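I opened a fresh page for this one. My plan was to follow one sheet, then see what packs around it.

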Amino acid sequence: MKIKIFLLLIVSPFLIQSQGIEEISSSNSNDKMLWFEEAKLGIFIHWGIYSVNGISESWSFYNGYISHHDYMKQLKGFTANNFDPKKWSNLIEESGAKYTVITTKHHDGFALWDSKYGNLNSYKSSTSKKDLLSPFIREIRSKGIKLGLYYSLPDWSYKDYTHHTNKIKRYNIQENPKRWNRFLKYRDGQLKELKTRYNPDLWWFDGDWEHNAVEWKIIELKNILKKNSPNVIFNSRLNGLGDYETPEIGIPVFRPNAKYWELCVTINDSWGYQQNDNNYKTPMQVIDLFVDSLSKGGNLLLNISPKEDGSIPEKQVEVLKELGKWTKKHSSAIYKTERGIPYEHFYGPSTLSKDKKTLFLYVRDLPKDNNIILKGVSTKINRAYIVGNGTVLNQQVLCKVYWNKYPGITYIEVPKQTIDKYYTVIALVLDDTINLYKEKVGAIENN
Ligand code: GLC
């Protein structure tokens, strides 16, 4: 009984609060998600002192591959000497991304701005001696690119945080709630600072697994960040109390149930810069991921990892530029679209315009005999053309008879000279909103 009462006391404030949050976020949650839904592509930036040695971000000391002391020696090598925020934002814009998310502070606690909370930041403790966020954000804002701020809930270097490494836990919250509150005060101080200065469009939290929502005080935290910014978006790494899901690295095989989701993915195999990681995805492979996300109704948040001096590795620049050429050519089939039709109708990815009157088919490979096949679309196709090129395509309809409603099989001829280096996109302009044939095909009833 005692245990039950205890549990109730612990859980009930959370339940009450979480009901409250539902009320708040359901009021205009769809409107506030509109820009995110239409943006489709974002660039993630992991920049921190881990780029000096080129070791894994924060985890390298947490998991004991390097001591905390030696990890922190990287502060000296973090110069930001060649940091060119204009170049960064030009590249982001060129890639076709409509938003960016930058690590303001990773789990190691190193902040990229001149915070008055704590001493571990690019102004006070690294050779860079600069606030690095402000100049970048200024450039991003000037281009109308939406701003997301990544912030790690855990801070493994901060004296009042519970965890230091996977072997060293400083204390338990239950034993020392005062100490935990000191940590929360510091965290909220930093977050208020970020909010006041930069007023982000999106908060991208990480590391919620170390505590539960009540311990993190997620509801209170969200309320602080929503004050005067009711439309701000939260990712879901807030013990699930966010606006959209964030699968990581692996593209979901099946479409996630969540209405809004975003795949965050590395450009090679690492989040931070690692000189030994040359397992770069080619532009084709990045576009594969992007098209897959698009056709399943999600966003792609592609990560880049600048070096300690602020330069972006050439290989990464190349990928973003190639991606940009493709997104520019195919913009009408990318932004402001919705997920496409089931694979039973077309063996490949697709998207639909918002009015559902244009269907975009993405063709990765050279079609055999130059034809692609579409099945069971009942709406009349008024025109088929190559996106970004305009060539009108010939169609042939097979297996359609006048005495039943089965729409037949449409062969669309894609001439070889119109094939794109990456994906060729075919637009089908429909006579009305798309209608997919779902009935059984019956026996001949007339002839
Ligand atoms: C994980 C990792 C972190 C990385 C993040 C990006 O949560 O802890 O290192 O920054 O994913 O999504």
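Which residue in E10 stands opposite threonine 351? I looked, and phenylalanine 360 does.

Before going on, a note to self: this is a predicted model, where local features need pLDDT of at least 70 and side-chain atom pairs count only at pLDDT 80 or more, while totals for chains, interfaces and linings use all residues. Residues are numbered from 1 along each chain as its sequence is written, and side-chain values use heavy atoms, with hydrogens and water left out.

**The sheet**

I traced an open sheet of five strands, in the order E8-E9-E10-E15-E12, with antiparallel pairing. Strands here are DSSP runs of E, at least two residues, and helices are runs of H or I, at least four, numbered from the N terminus. Two strands pair if DSSP finds at least two bridges between them. At the edges I found E8 (337-339) and E12 (381-386), each pairing on one side only. From one strand to the next, the twist averages 25°.

Then I went through the pairs:
- E9 (350-353) and E10 (358-363) are antiparallel, with three bridges.
- E10 and E15 are joined by six bridges, and tyrosine 362 stands opposite valine 425 there.
- E12 and E15 have five bridges; tyrosine 385 has alanine 427 as its bridge partner.

I also checked the cover on E15 (424-430): six of its seven residues are buried, meaning under 20% relative accessible area with a 1.4 Å probe, protein chains only.

Helix H12 (283-295) lies across E8, E9 and E10, at about 50° to E9. That angle is between N-to-C directions, on a scale from 0 to 180 degrees, using lines fitted to C-alpha atoms, for helices over the stretch in contact (heavy atoms within 4.5 Å).

**The cores**

Next I looked up the largest nonpolar core (buried Ala, Val, Leu, Ile, Met, Phe, Trp, Tyr and Cys joined through side-chain atoms within 4.5 Å). It has 91 residues, and Phe205, Trp326 and Tyr362 touch the most other members. Why does this core lie between domain 1 and domain 2? Because domain 1 (2-329) and domain 2 (337-430) both give residues to it; those bounds come from an automatic or database domain assignment. Another core lies apart from it, with 20 residues, including Leu352 and Ile426.

**The whole chain**

Last, I counted 14 helices and 15 strands. Of the 447 residues, 56% count as buried. The C-alpha atoms fill a box of roughly 85 × 60 × 40 Å along the principal axes.

Notes. Buried < 20%, exposed > 50% of the residue type's maximum accessible area, 1.4 Å probe, protein only.
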